[in-house]
Structure formats: C-alpha cells, structure tokens
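Student: I would like to test the labels on this structure. Can we go through them one by one?

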Amino acid sequence: MPSADDSIPASPGLPAPQRSLALAVHEVETHAADAGWDGPPRLFALVSTARALAEDPSLAQRLPADVVEAATTDPHHLLSVEQEGFAVDGDLEEALGRVAWPSSVDGTALVVERVVLPPSAEEGVPDDPDAALDYLASHPDRQDVRLAVGVLRDGPAWCAVRSRAHDAAADVASGPDLVPGLVTALYATLE
C-alpha cells in the first residue's frame with residue numbers, strides 16, 4: 001500500500017477532493033513504478049482514510065504514521081487498497097466491465113502500461129490483432145507509457161502518465177482528462 005507523500009506533484013489550486021485524488025493517483029503510480037516496468041494492470045479501491053479509521057480504529061496500527069497523520073489533517077485524504085485478484089485476460093475494458101464497487105468505496109484507480117505511437121504511424125497498423133502487436137512492438141517511434149487513472153464517485157478524475165523514455169518522478173505528466181477512455185471505464189465501475 002502506498003504511503004502519503006506531499007512532495008507528489010499536484011496543483012495546490014485544485015478543489016480539496018480532486019487534490020486528494022491527484023495525490024492518491026500519484027501514489028499508486030509511484031507504487032507501480034517502484035515495481036519496475038512490464039507489470040500487469042493494477043486496480044485499487046479508494047476509500048476515505050478518516051472514515052476507514054473511524055470504522056476500524058485498529059487500522060491506525062497497520063497504516064504508516066504519515067497516512068494516519070494525513071487523515072487527521074485532511075478530511076478528503078484517500079486510502080488506496082490494491083485489489084490482488086484483479087486479472088486481465090485479453091481486453092482491459094472487458095475486465096473493467098466485470099468490476100462493481102460497493103457504496104463504501106469512494107473511488108477507484110487503475111495503473112496500466114501501454115504502447116503509444118505518433119498519429120502518423122497509426123495509419124500503418126494492421127487489422128489482424130497479432131500483426132498489430134508485432135507492428136507496435138517493432139515500430140521505431142513507439143513509446144512505452146504507464147497510465148495511472150483515478151476517479152471519485154462524486155465526480156473528480158485525475159490521470160498521471162510516465163514515459164519509459166523519461167522514467168523519473170519529475171517527468172510524470174498529470175491532469176484531469178489525459179486518458180478520457182479509461183476515465184469513462186472507471187466511472188462505469190462505480191455505477
């Protein structure tokens with residue numbers, strides 16, 4: 001489970017719930033980055049840390065001290081809980097379509113790696129899925145990226161994108177709508 005870190009880049013001008021979501025998204029992205037590249041998709045439940053501590057006070061002994069402290073100073077602080085059983089066999093959108101969160105979950109976050117090409121290279125992608133994978137894997141302009149996307153049940157979204165070519169925390173791009181397709185897919189899991 002990632003710990004809180006106020007040095008994570010997120011705009012201080014954001015509304016408090018979205019800032020907390022941005023911090024949680026950067027935390028799960030950093031958690032995945034610590035494991036290295038070529039990892040599987042990782043799914044997280046996001047819950048109010050203050051509410052979780054109120055419902056189970058013994059949780060304070062199992063969480064890092066900085067997380068407990070953050071929950072006392074920020075009522076919007078989010079606790080990320082990785083879903084160990086999440087597996088994607090084939091299509092990510094189909095796998096997300098089988099996810100449904102209980103009302104006790106305030107939001108969700110997903111970390112997944114993808115290959116992206118410049119628009120000019122997309123014209124040559126073959127229709128055959130196996131040939132398309134070969135084309136993507138061998139294309140000289142391909143970029144490997146790690147996408148971390150989070151949404152809250154009440155509306156805010158946040159995305160963080162790290163490129164393998166620029167694999168440093170300072171080079172992680174972020175914003176509310178960088179990966180709109182995944183934002184939409186994650187909202188659907190909360191309905």
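Tutor: We take the sheet, then its strands, then the cores and a few single residues. Keep in mind that the model is predicted.

Student: What is the strand order in the open sheet of six strands?

Tutor: The order is β2-β1-β3-β4-β5-β6, and the pairing is antiparallel. From one strand to the next, the twist averages 20°.

Student: Why is one side of β2 and of β6 left without a neighbour in the sheet?

Tutor: β2 (78-82) and β6 (173-175) each have a single partner strand. They stand at the edges, so each has one side without a neighbour in the sheet.

Student: How do you know that β3 and β4 pair?

Tutor: The cut-off is at least two bridges between two strands. Strand β3 (residues 107-116) and β4 have ten bridges, in the antiparallel sense. Therefore they count as paired. Among the partners, R114 stands opposite V145, and A109 is matched with G150.

Student: What makes β4 and β5 partners?

Tutor: Seven bridges join β4 to strand β5 (residues 157-163), and the two run antiparallel. The cut-off is at least two, so they pair. G150 has W158 as its bridge partner in β5, and V149 has C159.

Student: How many residues lie between the strands of the hairpin of β4 and β5?

Tutor: Four residues lie between them. In this hairpin, G155 takes a positive phi near 125°.

Student: How many bridges join β5 to β6?

Tutor: Three bridges join them, and the strands run antiparallel. At least two are needed, so this is a pair as well. C159 stands opposite G175 in β6.

Student: Why is β4 described as largely enclosed by the rest of the structure?

Tutor: Buried means under 20% relative accessible area. Nine of the ten residues of β4 (residues 143-152) are buried, so the label holds.

Student: What makes β5 mostly covered?

Tutor: Seven of its seven residues are buried. On one side sit A157, C159, V161 and S163. On the other sit W158, A160 and R162. Both faces of β5 are covered. In a regular strand, side chains alternate between the two faces of the sheet.

Student: Why is T72 called exposed?

Tutor: Exposed means over 50% relative accessible area. T72 has 60%, so it qualifies. T72 lies in helix α4. T72 and A50 are 22 residues apart in sequence, yet their C-alpha atoms are 7.0 Å apart in space.

Student: Which residues touch the most other members of the largest nonpolar core?

Tutor: L43, F86, L96, L110 and L182 do, out of 32 residues. β1, α2, α4, α5, β3, β4, β5 and α8 each supply at least two residues of this core. Apart from it lies another core of 17 residues, including A22, A24, V25 and V28. In soluble globular proteins, nonpolar side chains tend to be buried together.

Student: What is L43 in contact with, leaving aside its neighbours within four places in sequence?

Tutor: Its contacts include V81, F86, L96, W101, L110 and L186. E82, Q83 and T108 are also among them.

Student: How do you know that R146 lies over the face of W37?

Tutor: The distance cut-off is 6 Å from the ring centre. R146 is at 4.0 Å, so the distance test is met. R146 is reported over the face of W37.

Student: How many aromatic pairs does a search of the whole structure find?

Tutor: Zero. A pair needs ring centres within 6.5 Å.

Definitions and conventions
Residues are numbered from 1 along each chain as its sequence is written. This is a predicted model: local features need pLDDT of at least 70, side-chain atom pairs count only at pLDDT 80 or more; totals for chains, interfaces and linings use all residues. Side-chain values use heavy atoms; hydrogens and water are left out. Buried means under 20% relative accessible area, exposed over 50%, partly exposed in between (1.4 Å probe, protein chains only). Rings of Phe, Tyr and Trp (its six-membered ring) pair if their centres lie within 6.5 Å; planes under 30 degrees apart count as stacked, over 60 as edge-to-face and the rest as tilted. A charge sits over a ring if NZ of Lys or CZ of Arg is within 6 Å of the ring centre and within 35 degrees of the ring normal. A nonpolar core is a set of buried Ala, Val, Leu, Ile, Met, Phe, Trp, Tyr and Cys residues joined through side-chain atoms within 4.5 Å. Contact means heavy atoms within 4.5 Å. Axes are lines fitted to C-alpha atoms, for helices over the stretch in contact, and angles run from 0 to 180 degrees between N-to-C directions.
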